[in-house]
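Biologist: I am new to this structure and would love a close look at a single part of it. Could you pick one spot and walk me through what surrounds it?

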Amino acid sequence: MNSIIEPAYAKLNLTLDILGRRDDGYHDLRMVMQSVSLCDQVKLTRTPSQGITLATDWGFLPTDGKNIAYAAAEAFRKATGVDLEGLSITLEKHIPVCAGTAGGSSDGAAVLRGLNRLYETGLTLEQLAKIGEQVGSDVPYCVLGGTMLAEGRGEILTRLPALPQCHIVMCKPGFAVSTPELYHRVDSIKMRCHPDASGLLKALEAGDLSGVARRMYNVFEDALPAQRAGTVREIRNTLIEYGALGACMSGSGPTVFGIFSDQEEAAQAAEHLKTLYQETFLVEPVSAM
Ligand code: C5P
């Protein structure tokens, strides 16, 4: 086997709560995560040349160690001792960048899963997730995927019952949010609301889609600058008007998504939002990798 393709799925946060700031500068989190069908394709090819090279169809992305996919390959090499000789990584990008949907982390996770197949190293997904911890906070979750509770920095993972089948509209407004900057803003404000995560977990156990959807909440929404919060609110309201059972921002944003039980309503919401925001997608939940 000389070459493989591994899908890298986007993630959404059904809930995101920040419990406090830690001594290491990170924050303790409690999040319910969900993989969705919007995905990048990560192609890994063994080449005769020395070293790792990375190419992507989105020219503005870094192609060195600043790209999480590249950093993941280096972390794999260090952790396993496998001599990667020549490795070419090609990213076919579809997941928006700086969107709160783990595009980069998911590419990194796909590199870890893919290298494990390509070099037949036989590691478990849990072992690959452990390697991913040093690459980025969302990488361990992205290695495992599906519906999971993520705690600590994001690396303490518990498998949850799968989100019931549904249709999800994701919409990214045309601005980027800096994750470290938003964490900084969180530190300077008093959080008034927190998600009802245990209620959402019970709804997941009961297979109650609308119970899940109406409990979705992300504390980062309270820390957004006013104008951006306004745009996020508008998209959320539009999704609800079109029939979403619930809507919420993902990660540090700005992507907003709505969960629908009715495919036609979801398609109409997506069609309308696409006229306003190019990066709008109609997707479905994806189960564990
Ligand atoms: O781990 P990662 O590189 O994805 O994190 C990016 C930034 O997000 C960190 O430098 C930190 O500022 C912030 N972060 C945090 N607490 C977390 C995860 C990320 O403060 N649990």
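Modeller: Happy to! Let us start at Asp 40, where a polar atom of the side chain lies 2.8 Å from the backbone nitrogen of Ile 95. The side chain of Asp 40 also reaches the backbone nitrogen of His 94, at 2.6 Å. A polar contact here is a pair of N or O atoms within 3.5 Å; within protein, one must be able to donate a hydrogen and the other to accept it, and residues adjacent in sequence count only if both atoms are side-chain atoms.

Before going on, please keep in mind that this is a predicted model, in which local features need pLDDT of at least 70, side-chain atom pairs count only at pLDDT 80 or more, and totals for chains, interfaces and linings use all residues. Residues are numbered from 1 along each chain as its sequence is written, and side-chain values use heavy atoms, with hydrogens and water left out.

Asp 40 sits in strand S2, residues 27–47; strands are DSSP runs of E, at least two residues, and helices are runs of H or I, at least four, numbered from the N terminus. Asp 40 counts as buried because its relative accessibility is 0%, where buried means under 20% relative accessible area, exposed over 50% and partly exposed in between (1.4 Å probe, protein chains only).

Leaving aside residues up to four places away in sequence, Asp 40 touches Glu 6, Pro 7, Ala 8, Glu 92, Lys 93, His 94, Ile 95, Gly 103 and Asp 107, a contact being heavy atoms within 4.5 Å. One of these neighbours, Asp 107, belongs to helix H2 and is among the residues there that meet helix H1.
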